[in-house]
Amino acid sequence: MSPPEPHENLSPPLAAPVSGAPSMSAPIVTVHSTKLQGATAAALEICDLLDAKPDAVLGLATGGTMVGVYGALVEEVQRRGLDVSRVTTFNLDEYLGLDAGDPRLFRHFMDEHLFVPLGFNDAQVHFPDHVGARPRGADAVDAARQYEEAIQAAGGIDLQLLGIGRNGHIAFNEPGSSPRSRTRVVELHEVTRRDAAETFGGFDETPERAITMGLGTILEARALRVLAFGASKAPVVERLLRGAEDLDIPCTFLRERHGDIAVHLDIEAARLLP
Ligand code: PGA
């Protein structure tokens with residue numbers, strides 16, 4: 001078998017058009033003095049949702065950007081005494097090639113920062129099947145389809161949290177990803193692997209593949225909440241909010257294809273905006 005092309009989708013996308021997107025309006029952008037304030041603003045909105053809809057379906061993200069969000073969310077859920085036993089969650093993505101129980105899995109991150117502190121049980125939380133998804137095999141297609149079906153069966157995602165990669169990726173939709181892409185196995189971009197290398201003890205030890213929700217999947221969430229903090233994100237934030245759609249910068253597909261996007265930035269991430 002020849003090696004995959006960089007960023008090639010290793011399992012075929014499940015054919016489905018982007019649909020159900022609300023009518024378009026400009027994203028609401030808030031520039032916060034600190035990243036803690038930005039993270040807290042997102043957490044408070046999630047709490048308001050859980051207050052109004054105790055069986056809400058949350059789309060969750062991992063990464064340094066989300067640590068403060070989950071910290072504030074745990075605090076606020078406890079402060080308000082919210083019952084979160086009927087919440088359902090779907091995470092965006094997971095690395096391939098790691099054993100179940102590996103502390104570098106995104107599942108472990110979520111357990112540490114959110115699921116254990118809030119007492120979520122296994123039936124409430126969902127990840128794409130990183131063990132079943134074998135690149136190019138039927139298993140990868142099945143794992144992807146099962147994830148899409150599980151999201152549908154839960155009634156769709158009410159609110160999706162999103163970070164942005166320095167290369168503009170959204171979840172693991174790397175440069176070259178179609179705005180109609182669905183859950184699938186992908187090859188990770190070099191920038192993504194470099195950014196993760198410290199966690200894995202070096203670039204060569206960093207996973208080469210992952211399974212991720214597609215951009216089309218993400219765009220079907222009823223609300224998107226995008227967070228970006230720090231100067232390294234300023235160039236992609238500028239493209240997210242002002243750039244034309246560009247296959248090389250996946251975040252550019254969000255702005256004009258969804259009607260309920262709010263963006264939380266800190267001053268550094270906003271420094272290239274007028
Ligand atoms: P970060 O990652 O929060 O660690 O910056 C964001 C992302 O890659 O989506």
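**Note on strand pairing and the ligand site**

1. Strand β7, residues 184-187, pairs with β8 in the antiparallel sense, and four bridges join the two. Within this pairing, R184 has T212 of β8 as its bridge partner. The model under review is a predicted one, and the points below should be read accordingly.

2. Strand β8 spans residues 209-212 and also pairs with β4, residues 93-95. This pairing is antiparallel as well and runs over three bridges. Here Y95 stands opposite A210 of β8. Strand β8 is thus a partner both of β7 and of β4.

3. A further sheet deserves separate description. Seven strands form an open sheet in the order β1-β10-β9-β6-β2-β3-β5, and their pairing is parallel. At its edges lie β1 (28-32) and β5 (125-126), each of which pairs on one side only. In general, strands of a sheet pair through backbone hydrogen bonds, in either a parallel or an antiparallel sense.

4. Within the seven-strand order, β9 and β6 stand next to each other. Strand β6 covers residues 159-162 and β9 covers residues 224-228; they pair in the parallel sense over three bridges. The bridge partner of L161 in β9 is R225.

5. Which residues surround the ligand? The shell consists of G63, G64, T65, G163, I164, G165, H169 and K233. By class, these shell residues divide into six polar, one nonpolar and one charged.

6. Three contacts to oxygen atoms of the ligand can be specified. A polar side-chain atom of T65 lies 2.4 Å from a ligand oxygen. For H169, an N or O atom in the side chain is 2.6 Å from an oxygen atom of the ligand. G64 contributes through its backbone, with an N or O atom 2.9 Å from a ligand oxygen. On its own the ligand has 280 Å² of accessible area, of which the protein covers 70%.

7. Where does the ligand lie with respect to the pockets? The space that the ligand takes is the largest pocket. Residues around the ligand include G163, I164 and G165, while strand β6 comprises residues 159-162.

Methods: Residues are numbered from 1 along each chain as its sequence is written. This is a predicted model: local features need pLDDT of at least 70, side-chain atom pairs count only at pLDDT 80 or more; totals for chains, interfaces and linings use all residues. Side-chain values use heavy atoms; hydrogens and water are left out. A residue is near a molecule or strand if one of its heavy atoms lies within 4 Å of it. A polar contact is a pair of N or O atoms within 3.5 Å; within protein, one must be able to donate a hydrogen and the other to accept it, and residues adjacent in sequence count only if both atoms are side-chain atoms. Accessible areas come from the Shrake-Rupley method with a 1.4 Å probe; for residues, only the protein chains shown count as cover. On a 1 Å grid over the protein atoms alone, a cavity is a set of points where a 1.4 Å probe fits but cannot get out, and a pocket is an open set with protein on both sides within 12 Å along at least five of seven lines; lining residues have an atom within 4 Å of a point. A molecule sits in a cavity or pocket if more than half of its atoms lie within 2 Å of its grid points. Ala, Val, Leu, Ile, Met, Phe, Trp, Tyr, Cys and Pro count as nonpolar, Asp, Glu, Lys and Arg as charged, and the others, Gly among them, as polar. Two strands pair if DSSP finds at least two bridges between them.
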